[in-house]
Amino acid sequence: MSGAAVWLVVAPVVSQIAPHTFTTAEVLIGAAVCAGWALFPDLDQPSSTIARSFGPVSWVVSKLVNAVSAAWYNLTRTSLEPASTDGHRKLTHSLLGMILVAAGVGAITGAFGEKGALGVLFIAVGLAIRGLMGDWVKKNGWLVTTAAAAAATWAAAWLMPPGNYWWLAITALVGQIVHGLGDNITKQGVPWLGGVVRVRGKRWWDFALPGFMRITTGGAAEGVLMTVFTVVVVGGVLAVFAGGWAQLGAVFGVGAG
């Protein structure tokens with residue numbers, strides 16, 4: 001939900017600084033896609049919910065991502081950091097990993113055009129369904145979830161104007177950063193500069209808020225944040241339908257063009 005909310009706030013800004021004016025369909029699709037990418041970093045944990053989004057296929061991919069993440073950690077760690085066979089909260093939770101994923105999305109859409117965009121949409125929409133409709137997914141299973149993702153992808157492709165799909169890379173980057181910021185306020189923190197910059201002799205230093213400001217996953221504070229993000233999403237979507245794309249920019253004080 002946080003990924004969708006942040007995209008609705010960020011999209012008017014992106015539309016101003018980039019040579020692209022979003023259509024109403026694109027901004028709404030972008031909200032759903034960004035929600036999916038906000039779950040992507042946890043693909044490094046085979047036991048996570050999203051690792052089962054597409055059944056055995058996504059589980060195998062998750063195992064591979066975990067192994068690559070662990071290998072990168074062991075390759076770049078310093079003598080102050082222990083070796084590890086677990087890649088969770090390492091490469092995909094670092095700014096480098098997020099940039100690489102977003103660059104990959106941009107490369108795919110740039111090289112394969114509409115077909116590449118469809119593949120990106122399918123993955124992101126599937127993750128979004130898993131995250132936003134968790135109870136429904138548990139009840140119906142991954143096969144139905146995959147079919148729903150395919151149907152939603154077809155509908156999105158039909159609504160989106162053909163042409164440049166570069167902005168899907170922006171949704172990927174924004175969604176992943178939102179995930180990192182969410183983890184930032186939990187007990188463990190996030191290795192934003194992992195594998196690249198030394199902090200106090202370590203390359204995998206976890207950045208987090210001061211202890212008294214951190215929240216517990218599933219606690220009351222998370223419920224409050226969920227309510228806030230839901231209000232932003234509902235308000236943004238209603239603004240789009242009520243007054244179009246330009247109206248959404250006005251709601252957040254930004255000219256949408």
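**Exercise 1.** Determine how the residues that line the largest pocket of this predicted model divide by class, and which elements supply them.

*Solution.* Sorted by class, the lining of the largest pocket comprises 15 nonpolar, 11 polar and seven charged residues. The lining is made up of 33 residues, and those nearest the centre of the pocket are Met1, Ser2, Ala38, Leu39 and Glu222. Turning to the elements, two or more residues each come from α1 (2–17), α4, α5, α6 (167–184) and α7 (220–251), and α6 contributes the most, with five residues. The volume of this largest pocket is about 1200 Å³.

**Exercise 2.** Establish how many cavities of 30 Å³ or more the model contains, and describe the lining of the largest cavity.

*Solution.* The count gives one cavity of 30 Å³ or more, and the volume of the largest cavity is about 40 Å³. Its lining consists of Glu114, Ala117, Leu118, Leu121, Ala157, Met160 and Tyr165, which divide into six nonpolar residues, no polar residue and one charged residue. Helix α4 (residues 95–132) gives the most to this lining, with four residues.

**Exercise 3.** Identify the residues of the nonpolar surface patch that includes Trp136, and decide whether Trp136 is buried, partly exposed or exposed.

*Solution.* The patch is formed by Leu132, Met133, Trp136 and Val144, which together have about 320 Å² of accessible area. Within this group, Trp136 belongs to helix α5 (residues 134–159). Since buried means under 20% relative accessible area and exposed means over 50%, Trp136 counts as partly exposed because its relative accessibility is 31%.

Terms used. Residues numbered from 1 in each chain as written. Predicted model: local features only at pLDDT ≥ 70, side-chain atom pairs only at ≥ 80, totals over all residues. Heavy atoms only, no water. 1 Å grid on protein atoms, 1.4 Å probe; cavity = no way out; pocket = protein on both sides within 12 Å on 5 of 7 lines; lining within 4 Å. Points joined across faces, edges and corners; volume = space filled by probe spheres on them. Nonpolar A, V, L, I, M, F, W, Y, C, P; charged D, E, K, R; others polar. Patch = residues over 30% accessible without salt bridge, like charges linked within 9 Å, V, L, I, M, F, W, Y side chains within 5 Å. Areas by Shrake-Rupley, 256 points an atom, 1.4 Å probe, with all protein chains shown as cover. Salt bridge = Lys/Arg side-chain N within 4 Å of Asp/Glu carboxyl O. Buried < 20%, exposed > 50% of the residue type's maximum accessible area, 1.4 Å probe, protein only.
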